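Q: I am new to this structure and would like a close look at a single part of it. Please start from one residue and the place where it sits, then set that part against the rest of the chain.

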Amino acid sequence: MSDHNNTEPPAYDDINTSAVVLTGAIAALVTLMTIYFVQGVAYRWQNSVLDQRNQAGPTSQPSYQQIQDQKALLAGGGGTKSIDDAMKAVVSKYGK
């Protein structure tokens, strides 16, 4: 004899919402922890590189060398005249 008077809905179609919410919360937490971990590792790596550069002094920075090269050019280094000498030469040649 079959049980036709059962008023409960079938459970095989239902989504287990508590399991879905728990899985979503755990996934969000793991994702957030991963982001914080990677960010912390990146900042620590960046700080260690900057500390090594600072221990070597300002002369180890590429911008320092570029500035020194430009100062040498302005001062007449590398077979060029300094700006002051070039201005005096132009004024003496073309000045009235």
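A: Ala 75 lies in the loop between α2 and α3. The model is a predicted one, and every value below is computed from it. With a relative accessibility of 61%, Ala 75 counts as exposed, because the cut-off for that class is over 50%.

From this loop residue, one distance leads into the helix that follows. Ala 75 and Asp 85 are separated by 10 residues in sequence, and their C-alpha atoms lie 9.5 Å apart in space. Helix α3 covers residues 83-94. This helix has 12 residues, and from its first C-alpha to its last it reaches 16 Å, close to the 16 Å expected at 1.5 Å a residue. Helix α3 is hardly covered, since 0 of its 12 residues count as buried, that is, have under 20% relative accessible area.

On the other side of the loop is helix α2, residues 62-74. Among the elements of the protein chain, α2 has the lowest mean pLDDT, 82, while α1 has the highest, 92. For the protein chain as a whole the mean pLDDT is 83, and 82% of the residues reach 70 or more. As a general caution, predicted coordinates should not be read in detail where pLDDT is low.

The wider setting is simple to describe. The protein chain has 3 helices and 0 strands, and from the N terminus on the order of its elements is α-α-α. Of its 96 residues, 2% count as buried. The chain exposes about 8,900 Å², and carbon and sulfur atoms supply 61% of that area.

Two places towards the start of the chain can be set beside the loop. Asn 16 is in the segment before α1. Its relative accessible area is 49%, so Asn 16 is partly exposed, a class that ends where exposed begins, at over 50%. The side chain of Asn 16 makes a polar contact with the side chain of Ser 18, at 2.9 Å.

Helix α1 spans residues 17-56, and Ile 26 is in it. Ile 26 is partly exposed as well, with a relative accessible area of 48%. Together with Leu 22 and Val 30, Ile 26 makes a nonpolar surface patch of about 280 Å².

To return to the part asked about: Ala 75 is an exposed residue in the loop between α2 and α3, and its C-alpha is 9.5 Å from that of Asp 85.

Methods
Residues numbered from 1 in each chain as written. Predicted model: local features only at pLDDT ≥ 70, side-chain atom pairs only at ≥ 80, totals over all residues. Heavy atoms only, no water. Helix = DSSP H or I, 4+ residues; strand = E, 2+ residues; numbered from the N terminus. Buried < 20%, exposed > 50% of the residue type's maximum accessible area, 1.4 Å probe, protein only. Areas by Shrake-Rupley, 256 points an atom, 1.4 Å probe, with all protein chains shown as cover. Patch = residues over 30% accessible without salt bridge, like charges linked within 9 Å, V, L, I, M, F, W, Y side chains within 5 Å. Salt bridge = Lys/Arg side-chain N within 4 Å of Asp/Glu carboxyl O. Polar contact = N/O pair within 3.5 Å; in protein donor to acceptor, adjacent residues only side chain to side chain. pLDDT = per-residue confidence, 0-100. Expected span 1.5 Å × (residues − 1).
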